[in-house]
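Dear colleague,

Please find the structure below, handed over for your records. A short account of its pockets and of one residue comes after it.

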Amino acid sequence: KRCGNWHDGAPGRAAMTLRLADFAGHWRLKKDIADILTGEAGTFLGRAEFREAEGGLSYHEDGQFTLGSAAPLRAERRYFWRPDGDWVAVDYPDGRPFHRFRAADPVALHLCDPDTYEVAYGLSGWPDWTAMWTVTGPRKDYRMLCDYRRAAA
């Protein structure tokens, strides 16, 4: 198989199997950010696209980010999602690893000394899904909920 399977291991639900290819396409993306250190709240509103590529899916998000009362800024990110045995690997565009997680337990940890990034993917409401990030470090302490909703091209 070119793309691996995901299994939603949500408690109290029968496991749902998703193929990595099921993520292909366009998504409306909203991120709510709570900065614990400063007390400021931020919002990202935009789109994300998973596009089929050799070995997996290229990911690109683009939108407007607003923090507190500051003027909105254009923001974007790129990653590459690929199957890695029983894992899903998420890499930076240059091939460096970002994080990976087991399909049956969709949580991951990324250490970027001195900061720690933790993510938990929520797939139980498929096709809507979430990624909850907790980021801590000497100068970082924030939570970010990323909400994905299927969108037309």
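The notes that follow describe the two pockets and then one aspartate.

This is a predicted model, in which local features need pLDDT of at least 70, side-chain atom pairs count only at pLDDT 80 or more, and totals for chains, interfaces and linings use all residues. Residues are numbered from 1 along each chain as its sequence is written, and side-chain values use heavy atoms, with hydrogens and water left out.

The largest pocket (an open set of points on a 1 Å grid over the protein atoms alone, where a 1.4 Å probe fits, with protein on both sides within 12 Å along at least five of seven lines; lining residues have an atom within 4 Å of a point) holds about 390 Å³ of space. Its lining has 22 residues, and Arg-77, Tyr-79, Phe-98, Trp-133 and Met-144 are the closest to the centre. Strand 12 (140-151) is among the strands (DSSP runs of E, at least two residues, numbered from the N terminus) that each supply at least two lining residues; with five, strand 12 gives the largest share.

The second largest pocket has about 240 Å³ of space. Arg-77 and Met-144 are among the residues that line this pocket too.

Asp-91 lies in strand 7 (residues 87-91). Asp-91 is buried (under 20% relative accessible area), at 6%. Its side chain makes a polar contact with that of Arg-82 at 2.7 Å (N or O atoms within 3.5 Å, one able to donate a hydrogen and the other to accept it).

With kind regards

Key
Helix = DSSP H or I, 4+ residues; strand = E, 2+ residues; numbered from the N terminus. Buried < 20%, exposed > 50% of the residue type's maximum accessible area, 1.4 Å probe, protein only. Points joined across faces, edges and corners; volume = space filled by probe spheres on them.
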